[in-house]
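Student: Could you take a close look at one strand and its pairing for me, and then tell me how far to trust the chain around it and what sits against that chain?

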Amino acid sequence: MTDDECTALAGEYVLGTLSSADRRQVERLRVSDTRLDGEIEAWEARLSPLSQTFEDVSVPDGVLARIEAELDREAVTVSIEDAPRGGHGRARLAYAAAVVALMIGLGSGYYVRDVLPPPADDSYIAVVNRDAGLPALIVRVDLAGRQVSVRPVSAEKPADNDLELWYVGPEEAPRSLGVIDVATPLKADLGQGAIAPDGVLAVSLEPRGGSPTGAPTGPVVYSGQLIRE
Amino acid sequence: MTIASGASADATSSKVDLAGLLDAVSVGDRMAFRDLYGRTSTKLFGVVLGICKDRTLSEDVMQEAYLRVWRYADGFDASRASPVTWLATIARNAAIDAVRARGRTSPVFDGARDENEEDPMMRVADPTEHPAPWDLEALRTCLAGLEAEHRRCVLLAYYEGYSREDLSERFDRPVGTIKTWLYRGLSALKACLGTT
């Protein structure tokens, strides 16, 4: 991308003329592309005087109440939730896959060495997290034994929901690895199907007992990329 | 003390207040959130309604926008953007995400408006704050220097959330042409603002 193209892409992103897919792509790119990120901020600044030209329109009374009800509902989950609302499970998992690049290399290796038993051959590991803080879960995928080991570290969940662990491969619908318990380590059967080196693990918030549909229905609260051990 | 300096002090203290409210919201202060909503929601509804058109969708987008404000308030940096700009950016993004996700299920345009269309520059020329701040004056001057079609594309996108495809339909030109217009319009705007 030339500088001019970068400026134009950032400008169109800020103006809002791009398609949904292109908007998501720009949002993914800006995370690692400081030039693009800088251009987006520059366009926001250039166009910011226009924010003074909007007319006030009174808002129907119920809107604040709805927002506050949502905040009340989230008060239980706010400490674990960091994924955007709206859209379907697949989109949310795509988001998880996009943000996961951010989370790798944040010093998680330190925990990995400390809290896990020595690795088996041909296994993958993922530090499943939501930000640079303490890992929520550490998950080891043992391909030879077809086993998934889940070690909760700091995962939390609201009382009314369960957390469900998903494997998301490239070009593949999320595959459930089961409902996880935030208090006790868990071993589960990996089931059939391949595990790709660039696969992602994601944890979604689901009704008690897990997703009723077989696909994620709630927001992704944690995610992490599989790394070959 | 003159009236002018008094007004400017008011404007400054109001900006400080919004920034202070955002600061309080970032640590989970619900009272501050309610206060912030009370002071900014009519403006953001103007932003959102302009893009979504539909009132029901706009109300959903308002909910989404203020939830984002609640979640991301700690990302607000007063040294980089004014509170109003930051909030308007969140509202515009939420509105554009919503209309793109919905797709163009209903006709965005009606023929009568095309014949008799209000020049979008009128909005830029009629700021809610008088006299217009210098930065708005500069932007207006630069917008006025764009070719008319390029300017209309930029402003219809900004105020009404037109996508490339919407603009293509509106101007009856291929999407490629619209892309070129936007590219040229934005380039000229950047060059002009760099020199003012």
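Tutor: Sure: two strands pair if DSSP finds at least two bridges between them, and strands (E, at least two residues) and helices (H or I, at least four) are DSSP runs numbered from the N terminus. This is a predicted model, where local features need pLDDT of at least 70 and side-chain atom pairs count only at pLDDT 80 or more, while totals for chains, interfaces and linings use all residues. Residues are numbered from 1 along each chain as its sequence is written, with chains lettered from A and ligands numbered from 1 in the order written.

Your strand is strand 8 of chain A, residues 220–225. Its antiparallel pairing with strand 7 (residues 200–207) of chain A runs over 5 bridges, and V220(A) is the bridge partner of S204(A). Strand 8 of chain A is also mostly covered, with 6 of its 6 residues buried (20 or more other C-beta atoms within 10 Å of a residue's own, C-beta atoms being placed from the backbone).

As for trust, chain A averages a pLDDT of 73, and 74% of its residues score at least 70; pLDDT is the predictor's confidence in each residue, from 0 to 100. Among the elements of chain A, helix 3 (residues 34–47) has the highest mean, 93, and helix 6 (residues 109–115) the lowest, 33. Residues 76–120 of chain A fall below 50, yet that stretch has 80 contacts beyond near neighbours in sequence (C-beta atoms, placed from the backbone, within 7 Å). Where pLDDT is low, don't read the predicted coordinates in detail.

Against chain A sits chain B: 47 residues of chain B contact 35 of chain A. Helix 2 of chain B gives the largest share of chain B's side, 9 residues.

Key
Contact = placed C-beta atoms within 7 Å. Buried ≥ 20, exposed ≤ 12 C-beta atoms within 10 Å, placed from the backbone.
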